[in-house]
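Student: I am new to this structure and would like to be walked through it. Could we take it one question at a time?

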Amino acid sequence: MRFAFILSLLKTILVVNFVIAAPSGNISDLKPITNWQKLANGVYVSGLGKTDKLYRYSDLAGEAPKIAALNKLTDTPLTKALKNARYRLNPDHKIMVYIPTEPDEKIYGYGLQFDKTMRSGKVIELKVDHYSKDGGSTHAPVPFYISSKGYGVFFNTAAYLKIYNQVCNRKDSQALPQEVDRNPPADEKQPGPWLAVPPSDAVEAYVQGDGIELVGFTGTSLQDIVARYNLYSGGGAMPPLWGLGFWHRTPASFSADETEQEIADFKDHNIPLDVIGLEPGWQSKSYPCTFEWQKKRFPDPATFTQKLLDDGIRLNLWVNPYISKHARIYKDMYPLSGSHTVWLGIAPDYMLPEARKVLLDQHKTDHFDIGISGYKIDECDGYDFWLWPDHATFPSGTPAEVMRQTYGMQLQRMIYKELYQKNNRRTYSKVRASNGAASNYPFVIYSDSYGHDQYVTGISAASLGGILWCPEIRSAKNSREWINRMHTTCLSPMAMLNAWASKTKPWTYEESTDAIRRTIQLRMKLLPYLYTAFARYNQDGIPPVRSMLLETGEAKAQAKSETRKLDSEVDPYGDGFHQKITEDNTLYMFGPDILVAPFINSQIERKVNLPSGNWYDFYTGKLAGNGNTIVVTAVQTNDMPPLFVRGGSLIPMLKAPVNRTKDMRGAAIEIRHYGHKYGSCQLYEDDTTSFDYMKGNYNLYEFSVKDGELVQKKLKQDSDSFYSGFELREMTQ
Ligand code: GAL
């Protein structure tokens, strides 16, 4: 009797609760986000649900947020969208976040994408994987977007995320598009075209877990917003100077002798070289890996490495994280690894300090102590059939999905913080997976896909999310493409020829060798300018190589949209979106003042839509245009990359090219001036290899021109100047 009573009471409670809790589906069911906390100027944090056990990307960042630098920027308030954001905690351990958008608002970002940077109208699932078009799977699926309305949102959680960017309309939306009859009688007029994907008025995100942290960014421009994201992530990466020189990765099974011969061949061809990358064959076994030297190919690694160092050449080692039974550290690592193998190697759990110690002890003795400069950390990015499954377990208790989203970051953190930074030596390395709040890591992403246009788009996309991208050159269909690809890599964060499979050399196409040499020499001459741009990335968060979106600050210059005509037979839903959006990502900025308009594939002529303001031809100093479309040809540029300089700019460059960055010390600088107005430029110097710059040990100069003379202002002088002298070169007559 009593039992029956309790049961009926329970039922009533459940039913009542159900009725009360049953959502109407209206926006008002969602809770307003009212707990934004100001962390620094323009940076606002909100924790939703349970956040104590959250795996946050920011916990894996290279440095803490640069609060002082942020607070020097304008104090910008929360925007309307962030104030009106809402959320809902679902009982099934999922959270949805709702951030309203305006009709003409555009959404950009989400890390390294190769198709375009605009994500309006896309549903994306952010997952670390090899790149796949439109889907959100990519080597660096950074959960950070920026809006053309002047704010940014960072989903600071390493859970899988699905984000609906202005698609899927709510039934009670105030901005529902008008219904259109798709098959109207002939005499009925419709208010517009039928749209397969009617645009919605919000970004809605769906997150697994009981809690999430959102970080909202506001600022005075899109560039400023991205800079604040980078400062929040610890400031941008600061590579050693040698890392910005030219890299060559040798064929997979090269020996020490073959490598030395290759270096000699570079000398014979008078081609700059700073770093040699050894591919898998340097190890006794791969894949899975031993991390030990293959003694048949490299009988004396210490002497070999030192000989190269004496010649100013650094060595970088290819690895993947999965450990072979033949490795010395296998036994110790076995209990510290996950339940599943990857390529039959154990997958260490680097959330555990003991696991990091096992690996780092070995790396330090076998690599670091003999002078190895860094790594190329491969295969930390999927596919599903290569990586551990989502139900794998790891001894630290970290969920497998979180491991997947963060593995690349865990590896970067370990190598950078606990090996290189701990021993006060900088590295510039490569990694194939990264994620949110990774701006501070001096690791550059690369990919196995190889579309030239995709590689150029990657430069812009990466710059919106604190990622450095290397559009490496591997092979080409002809000598023209070879030249064009070399242009792209030399005007990117890392200039690299990766010949691991192609066995190519810079001089592979004999007829193009002169243009190739001049292109790499141009890279070397621009290093004072590029190194300074990296210092600004580090201190001010401004990406050194970046999308035009961060320059013009408006979507208009970047994207054209046109309504698609539906073809019911072959394309009944208009490619899934109502508008075909064409974005021009073939232009980007290299440092603060040089606009790059690369020739793609085998192009020898292209149109360039110059932004407003006077732009000058880099080589001749002549006015190229102002807000108009021009045509540039390879004949005009003498096979060099089309480059345009902002009017009034001063560009600090080496007067003569060098073949090694070590030869930059004591070199003469020319400061090129373009146009008739005079601006100013900065020049940054430090010891080029240690972390002493973090203690303030660096020089920073500002150059301007007065009465035709160069004026050098020492903003900070810590030691003797790195260069021998500075002279002005007027480029525009
Ligand atoms: C690939 C990598 C290539 C090369 C190769 C060596 O996964 O993307 O760049 O390193 O491995 O086996």
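Student: Which residues surround the ligand?
Tutor: Some ground rules help before we look. This is a predicted model, where local features need pLDDT of at least 70, side-chain atom pairs count only at pLDDT 80 or more, and totals for chains, interfaces and linings use all residues. Residues are numbered from 1 along each chain as its sequence is written, and side-chain values use heavy atoms, with hydrogens and water left out. With "near" taken as a heavy atom within 4 Å, the ligand is surrounded by Glu279, Pro280, Tyr287, Trp318, Lys376, Asp378, Glu379, Arg432, Tyr446, Asp448, Asn498 and Trp500.

Student: How many residues of that shell are charged?
Tutor: The classes come first: Ala, Val, Leu, Ile, Met, Phe, Trp, Tyr, Cys and Pro count as nonpolar, Asp, Glu, Lys and Arg as charged, and the others, Gly among them, as polar. Sorted this way, the shell has five nonpolar residues and one polar residue, and the number of charged residues is six.

Student: How far is the side chain of Lys376 from an oxygen atom of the ligand?
Tutor: Here we look for polar contacts, pairs of N or O atoms within 3.5 Å. Tyr287 places a polar side-chain atom 2.6 Å from a ligand oxygen, and for Trp318 the distance is 3.3 Å. For an N or O atom in the side chain of Lys376, the distance to a ligand oxygen is 2.7 Å.

Student: What share of the ligand's accessible area does the protein cover?
Tutor: Accessible areas come from the Shrake-Rupley method with a 1.4 Å probe. On its own, the ligand has 310 Å² of accessible area, and the share covered by the protein is 95%.

Student: Which residues have the most contacts inside the largest nonpolar core?
Tutor: A nonpolar core is a set of buried Ala, Val, Leu, Ile, Met, Phe, Trp, Tyr and Cys residues joined through side-chain atoms within 4.5 Å. The largest one has 173 residues, and its largest share, 11 residues, comes from helix α9 (residues 400-421). Helices (H or I, at least four residues) and strands (E, at least two) are DSSP runs, numbered from the N terminus. The residues with the most contacts inside this core are Ile146, Trp388 and Leu526.

Student: Is Thr138 buried or exposed?
Tutor: Buried means under 20% relative accessible area, exposed over 50%, and partly exposed in between (1.4 Å probe, protein chains only). Thr138 sits in strand β8 (residues 137-138). Because its relative accessibility is 0%, Thr138 counts as buried.

Student: And is Asn183 buried or exposed?
Tutor: Asn183 belongs to the loop between β11 (161-165) and β12 (202-208). Since its relative accessible area is 65%, Asn183 is exposed.

Student: Where does the residue Pro288 lie, and what is the peptide bond from Tyr287 to Pro288?
Tutor: Most peptide bonds are trans. Pro288 is in the loop between β15 (275-278) and α6 (301-310). With omega near 5°, the bond from Tyr287 to Pro288 is cis.

Student: What is the phi of Trp343?
Tutor: Most residues other than glycine have a negative phi. Trp343 lies in the loop between β17 (337-342) and β18 (345-348), and at 27% relative accessibility it counts as partly exposed. Although Trp343 is not a glycine, its phi is positive, at about 50°.

Terms used:
Polar contact = N/O pair within 3.5 Å; in protein donor to acceptor, adjacent residues only side chain to side chain.
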